Amino acid sequence: MKRLFGVIGDPISHSMSPMMHNDAFKNLKIDGYYQPFRITPEDLATAIKGMKVIGIEGFNVTIPHKTSILPLVDRLDPLAKAIGAVNTVVRDGNDYVGYNSDGLGFIRSLQERWKKDFKNEKTLIIGAGGAAKAIYYSLASVGVKKIDICNRTTARAQGLVDHCPFKCETNILDFPQARQNLGAYTLVIQTTSIGMSPNINEIPFSLENMLPNTHAVDIIYNPLETKFLTEARQKGATTQNGIGMFVHQGAIAFEKWTGIKPDIIRMENIVMQHLGG
């Protein structure tokens with residue numbers, strides 16, 4: 001009998017995770033199958049119980065269930081608990097354990113595309129939503145010393161800082177302040193949905209003050225190059241889109257489920273082919 005895995009969300013038909021994970025099972029000769037499950041919010045609790053009953057060994061969690069699943073797992077990894085969101089569930093005996101691999105996936109993609117050690121980089125995160133929180137807490141957890149956050153509403157950004165359990169020096173800025181002070185940062189991470197298809201001509205703010213030695217990241221991957229990344233590249237910055245974060249968070253989940261590291265390049269090629277890159 002095949003080992004069962006999956007992803008839950010609503011909607012879920014757009015997910016690229018099944019093709020990525022099922023190819024990895026086949027490539028590594030693991031008798032497993034990864035199934036997408038469309039689960040509505042009102043059915044979530046019942047679905048989790050049912051998944052445990054039928055023996056699903058692990059699954060990913062996407063919108064809108066990342067926070068609502070917290071009380072439904074048996075145990076939480078400390079980082080997932082701090083972030084307040086779960087995107088990966090692993091079966092341990094009869095327990096479902098919740099993890100958050102979004103931030104660690106981001107870190108691994110940054111190490112792959114930019115540099116191994118960035119603890120002393122002056123970092124700016126644009127946005128204060130769920131992705132920003134996962135990235136901020138994860139960067140702080142590995143010792144990044146200086147991370148500022150800018151958001152349209154500074155109160156929401158302040159909330160991330162106030163509840164972060166990891167030591168980190170952080171200033172809160174609004175968008176005009178961030179635009180003005182952009183030259184102070186060597187790593188700029190765009191985490192909002194601004195610039196995502198179909199609104200591809202949008203950008204949080206002008207990058208006129210960005211310096212050429214900056215590394216600019218946009219966690220969006222549709223389009224592959226947002227207006228934010230285009231302007232950053234034109235300013236002489238190195239750039240990175242969200243494919244690496246997506247692939248690495250999936251690879252982390254795969255390794256937690258199977259104990260085997262998948263082929264990252266193969267996973268990325270599958271995603272790129274699907275996106276037409």
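**Local environments in the predicted model**

Ser101 is buried, with a relative accessible area of 4%. In this predicted model, the residue belongs to the loop that runs between strand S6 (95-99) and helix H4 (102-113). When neighbours within four places in sequence are set aside, the contacts of Ser101 are with Asn87, Thr88, Gln249 and Ile252. The contact with Gln249 has a polar component, since the side chain of Ser101 reaches the backbone oxygen of Gln249 at 3.2 Å. Arg91 lies ten residues from Ser101 along the chain, and the C-alpha atoms of the two residues are separated by 16 Å.

Asn87 appears again in the surroundings of Lys66, which touches Val61, Gly84, Ala85, Val86, Asn87 and Asp102, residues up to four places away in sequence not being counted. Lys66 is the position at which UniProt, in an unreviewed entry, places the feature "active site". In the model, Lys66 is found in the loop between strand S3 (58-61) and strand S4 (75-76). With a relative accessible area of 24%, Lys66 is partly exposed, whereas Ser101, as described above, is buried.

A further loop position was examined at Thr40, which sits between strand S2 (32-38) and helix H2 (44-53). Thr40 is buried, its relative accessible area being 14%. Beyond the residues up to four places away in sequence, Thr40 touches Asp10 and His65.

Helix H10 (residues 264-275) was considered along its length and around its axis. The helix has twelve residues, and the distance from its first C-alpha to its last is 17 Å, close to the 16 Å expected at 1.5 Å a residue. Its buried residues are Ile264, Met267, Glu268, Ile270 and Val271. Seen down the axis of H10, these buried residues fall within an arc of 155°, and they therefore line one face of the helix. The general geometry of such elements helps in reading this pattern: an α-helix has 3.6 residues a turn, so residues three or four places apart point the same way. On the other side of H10, Ile265 and Gln273 are exposed. The buried residues of H10 pack against three other helices, namely helix H1 (17-27), H4 and helix H9 (243-258).

Both ends of H10 show a local feature. At the N-terminal end, Asp263 acts as a cap, with a side-chain oxygen lying 3.1 Å from the backbone nitrogen of Ile265. Just after the helix, Gly276 takes a positive phi of about 80°.

The cysteines were then examined for covalent links. A disulfide is a covalent bond between the sulfur atoms of two cysteines. With a cut-off of 2.5 Å between cysteine sulfur atoms, the count comes to zero disulfides. For Cys150, the closest cysteine sulfur is that of Cys168, and because the two sulfur atoms are 15 Å apart, they are too far from each other for a bond. Cys168 is likewise in no disulfide, the nearest cysteine sulfur, that of Cys164, being 6.7 Å away. Cys150 is buried, with a relative accessible area of 0%, and Cys168 is also buried, with a relative accessible area of 18%.

Methods: Residues numbered from 1 in each chain as written. Predicted model: local features only at pLDDT ≥ 70, side-chain atom pairs only at ≥ 80, totals over all residues. Heavy atoms only, no water. Helix = DSSP H or I, 4+ residues; strand = E, 2+ residues; numbered from the N terminus. Buried < 20%, exposed > 50% of the residue type's maximum accessible area, 1.4 Å probe, protein only. Contact = heavy atoms within 4.5 Å. Polar contact = N/O pair within 3.5 Å; in protein donor to acceptor, adjacent residues only side chain to side chain. Expected span 1.5 Å × (residues − 1). Arc of directions from axis to C-beta. UniProt positions renumbered as here; feature names shortened; annotations may be inferred.
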